[in-house]
Amino acid sequence: RDCERRLRQEVQKYSVELRHAHETERHRVARELHDEVGQTLTALNYTLERMALHSSGTGIEIAKEASSLVADLTSRVGDLCLALRPHVLDDFGLGPALIWLTQRFEQQTGILVELLHDGLAKRLPREVELGVYRLIQEALTNIARHAGAKRCAVRCASSPENLVVSVRDYGVGFQVDRLSSGLRGMDERVQELGGRLTIRSSPGQGTCIRAKIPLPIKAW
Ligand SMILES: Nc1ncnc2c1ncn2[C@@H]1O[C@H](COP(=O)(O)OP(=O)(O)O)[C@@H](O)[C@H]1O
Ligand SMILES: [Mg+2]
């Protein structure tokens, strides 16, 4: 039993390290895409505009066509950066990032999200903001993939002591017996932050994912 316990701890440790490495890599790729690829595309577009100005006849048409392809590519690269690591989370914190995430989710899936957030005007520790953002992102992805729901609700309330998050849908629900990778990842993230995750779901009744995460006490 000792050996099993040790192995479990090892697995958990590696899983935390893997998640950190994954986040660092996403951050790096997003920055590279934004700074290198994004800026080169902007320069390319500018060059094509100049080319159109100095061309005539079909030359102008071709430059305009190329310019519109570049604009399309720029917008795809922008979307990719946001999916990898939304800078709104790093720059403005969890509240604005959740507004952005849920609006984008509604546009992409047609599923209505009721978002209630409270006490998020102040910035929270970076690892809490990122962990909670990823938790809600994964829960919403599950709703789009599995729930067959038309609407759902996201709540996120912060008090000086803790942060309470829930994602509820009114879809098909499922039997929670063993946690598979996505749900286990959510559970591990919350445990890593010292919190607790509960998953309530039953067939036909919808699903509710809830997490309570303690916040560090500020020493004044
Ligand atoms: N909101 C939900 N509504 C219905 N079923 C769900 C929901 N979330 C998860 N499930 C069920 O739990 C399973 C495990 O979810 P998850 O661990 O995220 O894996 P994945 O999304 O990759 O299938 C899903 O395959 C699905 O059957
Ligand atoms: Mg999933």
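The following exchange examines how several labels applied to this predicted model are justified.

Me: What makes Glu138 and Asn142 the protein donors of the magnesium ion (ligand 2)?
Reply: The OE atom of Glu138 and the OD1 atom of Asn142 lie 2.1 to 2.4 Å from the magnesium ion. The cut-off for a donor to this metal is 2.8 Å, so both residues qualify. Water is not among the atoms, so the site may look incomplete.

Me: Why are Glu138 and Asn142 separated by about one helical turn?
Reply: Both belong to helix H5 (residues 126–147), and they are four residues apart in that helix, which means a separation of about one helical turn.

Me: Is each of these two donors buried or partly exposed?
Reply: Glu138 has a relative accessibility of 26% and therefore counts as partly exposed. Asn142 has a relative accessible area of 17%; buried means under 20%, so Asn142 is buried.

Me: How do you know that the span of H5 is close to the expected one?
Reply: H5 has 22 residues and reaches 30 Å from its first C-alpha to its last. The expected value at 1.5 Å a residue is 32 Å, and the computed span is close to it. Just after H5, Gly148 takes a positive phi of about 65°.

Me: What makes Arg151 and Tyr170 a case of a charge over a ring?
Reply: Arg151 lies over the face of Tyr170, at 4.5 Å from the ring centre. The distance limit is 6 Å, so this pair satisfies it. The charged end of Lys13 likewise sits over the ring of Tyr14, 5.1 Å from the centre of that ring, whereas the structure holds zero aromatic pairs.

Me: Why are strands E2 and E3 said to pair?
Reply: Strand E2 (residues 151–158) and E3 share seven bridges in the antiparallel sense. At least two bridges are required, so the two strands pair. Within this pairing, Ser158 has Leu163 in E3 as its bridge partner, and a hairpin of three residues joins E2 to E3.

Me: How do you know that E3 also pairs with E5?
Reply: E3 and strand E5 (residues 206–214) are linked by eight bridges in the antiparallel sense. The requirement is at least two, so this counts as a pairing. Val167 stands opposite Ile209 in E5.

Me: Why is strand E3 called mostly covered?
Reply: Strand E3 (residues 162–169) has eight residues, and six of them are buried. Each of those six therefore falls under 20% relative accessible area.

Me: How do you know that Cys156 is in no disulfide?
Reply: A search of the whole structure finds zero disulfides. For Cys156, the nearest cysteine sulfur is that of Cys208, 13 Å away. A disulfide needs two sulfur atoms within 2.5 Å, so Cys156 is in none. Cys156 has a relative accessible area of 1% and is therefore buried, whereas Cys3, at 44% relative accessibility, counts as partly exposed.

Me: What makes Val16 partly exposed?
Reply: Val16, placed in helix H1 (residues 2–53), has a relative accessibility of 22%. The partly exposed range runs from 20% to 50%, so Val16 falls within it. The C-alpha atoms of Val16 and Arg189 are separated by 8.0 Å, although these residues are 173 residues apart along the chain.

Terms used: Residues numbered from 1 in each chain as written. Chains lettered and ligands numbered in written order. Predicted model: local features only at pLDDT ≥ 70, side-chain atom pairs only at ≥ 80, totals over all residues. Heavy atoms only, no water. Donors = N, O, S within 2.8 Å, 3.2 Å for Na, K, Ca; no water. Buried < 20%, exposed > 50% of the residue type's maximum accessible area, 1.4 Å probe, protein only. Phe/Tyr/Trp six-rings, centres within 6.5 Å; stacked < 30°, edge-to-face > 60°. Lys NZ or Arg CZ within 6 Å of the ring centre and 35° of its normal. Expected span 1.5 Å × (residues − 1).
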